[in-house]
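This report covers a two-chain model, from overall fold to side-chain contacts. Keep the structure in view while reading.

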There are 2 protein chains.
Amino acid sequence: MASYSIPAGYKFHPSDEDVVRFYLRPKATGQPLPYPDIVFEFDLYGEKEPSEIWDMFGGPSLDETEDLFFFTKLKPLSRSRVNRSVGIGGTWSNESSKTIFARGTRIPIAMKRNFRYENPGSPQDGAWIMREYSLPMKTQPDVGSSSSSSYVVCRLSKNDRPKPKVVGEVPLKKEEMKSLINLHKRKIDQER
Amino acid sequence: MASYSIPAGYKFHPSDEDVVRFYLRPKATGQPLPYPDIVFEFDLYGEKEPSEIWDMFGGPSLDETEDLFFFTKLKPLSRSRVNRSVGIGGTWSNESSKTIFARGTRIPIAMKRNFRYENPGSPQDGAWIMREYSLPMKTQPDVGSSSSSSYVVCRLSKNDRPKPKVVGEVPLKKEEMKSLINLHKRKIDQER
């Protein structure tokens, strides 16, 4: 391991591609990482609450523009589902996802999934953002695999703009959505 | 001088206070700087155009979030005026200024002046932003002083949002402004 001291004014502000090229890919392919303690090894899908993890790894002393980064192993429930519960009663709820391409190309190098901490009733509900970087599917872990290829990078940050709560609105279930679509189709047919 | 290698993903994104504490103040008070080539020594009020300076110091290879930083000496014209011409026919035109305070206090530690490159007729007109950090007046240079205390830090960046050009608008001269105000006053008097 190389020793290093970072000149004042430098912040760990990696681009998405930086995260994949210099941290996720080496880790997931079992290569040594030149610098320890930049991306920490810790389970973001474990028993600790985001606020505890934030405090454990020096979050409170970070510049407000800095996030915390972790190597975490995915916990597959099945071929297509992953357990993303966290702490006591909390879940990382997927808000959006995008493919990361190598700069200036259309070559996909990773997926970036954006999550929000959800724990209805907890004062921490909605207070944390987590972005998960994973390698493309072909290099994804087999179910139950414990190889290094199951690593993802998780980027933890405070949510400065929590979503306003919508009172009384309940998301539709799949069945309800289907019947709504059918209703709409029938209406269109009738209008013809 | 300490040697250093910066881990991937770190960018030079100093806060205003970082610039003052770790670069400007040591330089202006003649203290050694631990790391060379982070803030370069170069005259931002000299003969080179901003675009030339940008190219000379590796601007084109920077991440789009990064700026270039320079130690420059002010060129006082009088006790209250400073020569901020640059290149051939260009001027750093002051857009706004603010006082920088030590974090969490009302102790002023520096002035930050925001400039825009103006060179009417040049395709580069408005294409550059420069922010100048200077120590408070009591530590400012005497006229004609060449001591290290006359140093400022200049932060050069591309202007991604050039001001839209107002066609046909010419700024009012002082006399014109005065007569407009008088006209307006007379109108108000008449309406009473």
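A salt bridge here is a side-chain nitrogen of Lys or Arg within 4 Å of a carboxyl oxygen of Asp or Glu. By this rule the count over all chains is 24 salt bridges. The model is predicted, and side-chain atom pairs count only at pLDDT 80 or more.

**Fold of chain A**

Chain A holds 3 helices and 8 strands. Their order along the sequence is β-α-β-α-β-β-β-β-β-β-α. The chain has 192 residues, of which 39% count as buried. Many contacts span long stretches of sequence: among those between residues at least 6 apart, 64% join residues at least 24 apart.

**Two copies**

Chain B superposes on chain A by a rotation of 180°, with 0.0 Å of shift along the axis and an RMSD of 0.0 Å. The two copies are thus related as by a two-fold rotation axis. Which surface does each copy use? Of the interface residues of chain B, 100% are also interface residues in chain A, so the copies meet through the same surface.

The contact takes 17 residues from chain B and 17 residues from chain A. The area buried between the chains is about 1,700 Å². Carbon and sulfur atoms give 57% of that area.

How many salt bridges cross the interface of chain B and chain A? The rule finds 2. The side chains of A:Asp18 and B:Lys11 meet in a salt bridge, at 3.0 Å from N to O. A:Asp18 is also one of the buried residues of α1(A).

**Helix α1 of chain A**

Is this helix enclosed or open? Of the 13 residues of α1(A), 10 are buried, so the helix is largely enclosed by the rest of the structure. Among the buried ones are A:Val19, A:Val20, A:Leu24 and A:Pro26. A:Gly30 follows α1(A) and has a positive phi, near 75°.

A:Glu17 lies in helix α1, which spans residues 16-28 of chain A. Its relative accessibility is 15%, under the 20% cut-off, so A:Glu17 counts as buried. Beyond its neighbours within four places in sequence, A:Glu17 is in contact with A:Ala102, A:Arg103 and A:Ile109.

A:Lys27 is another buried residue of α1(A). The charged end of A:Lys27 sits over the ring of A:Tyr151, 4.9 Å from its centre. In chain B, the charged end of B:Lys27 sits over the ring of B:Tyr151, also at 4.9 Å from the ring centre.

**Salt bridges within the chains**

Three of these pairs are listed below.

| Pair | N to O distance | Separation in sequence |
|---|---|---|
| A:Lys98 and A:Asp16 | 3.8 Å | 82 residues |
| A:Arg84 and A:Glu132 | 2.9 Å | 48 residues |
| B:Arg155 and B:Asp67 | 2.8 Å | 88 residues |

A:Lys98 lies in strand β5 and A:Asp16 in helix α1 of chain A, so the pair ties together distant parts of the sequence, 82 residues apart. A:Lys98 is partly exposed at 43% relative accessibility, whereas A:Asp16 is buried at 17%.

A:Arg84 sits in the loop between β3 and β4 of chain A, and A:Glu132 in strand β7. A:Arg84 is buried at 15% relative accessibility. A:Glu132 is buried at 0%.

In chain B, B:Arg155 belongs to strand β8, while B:Asp67 lies in the loop between α2 and β3. B:Arg155 is buried, with a relative accessible area of 10%. B:Asp67 is buried as well, at 15%. Elsewhere, salt bridges that share partners join A:Lys11, A:Asp63 and B:Asp18 into one network.

**Aromatic pairs**

The structure holds 22 aromatic pairs over all chains. A:Phe12 and A:Tyr23 form an edge-to-face pair, 5.5 Å centre to centre with 80° between the planes. The pair links strand β1, which holds A:Phe12, to helix α1, which holds A:Tyr23. A:Phe12 is buried, with a relative accessible area of 6%. A:Tyr23 is buried at 4% relative accessibility.

A:Phe42 and A:Phe70 form a tilted pair, at 6.4 Å centre to centre and 55° between the planes. A:Phe42 lies in the loop between β2 and α2 and A:Phe70 in strand β3 of chain A, so the pair ties together parts that are 28 residues apart in sequence. A:Phe70 counts as buried, at 0% relative accessibility.

Ring pairs also involve both chains: A:Tyr10, B:Phe12, B:Tyr23 and B:Phe69 are linked into a cluster.

Notes:
Residues numbered from 1 in each chain as written. Chains lettered and ligands numbered in written order. Predicted model: local features only at pLDDT ≥ 70, side-chain atom pairs only at ≥ 80, totals over all residues. Heavy atoms only, no water. Least-squares fit on C-alpha atoms with pLDDT ≥ 70 in both. Contact = heavy atoms within 4.5 Å. Helix = DSSP H or I, 4+ residues; strand = E, 2+ residues; numbered from the N terminus. Buried < 20%, exposed > 50% of the residue type's maximum accessible area, 1.4 Å probe, protein only. Phe/Tyr/Trp six-rings, centres within 6.5 Å; stacked < 30°, edge-to-face > 60°. Lys NZ or Arg CZ within 6 Å of the ring centre and 35° of its normal. Buried area = accessible area lost by both parts, 1.4 Å probe.
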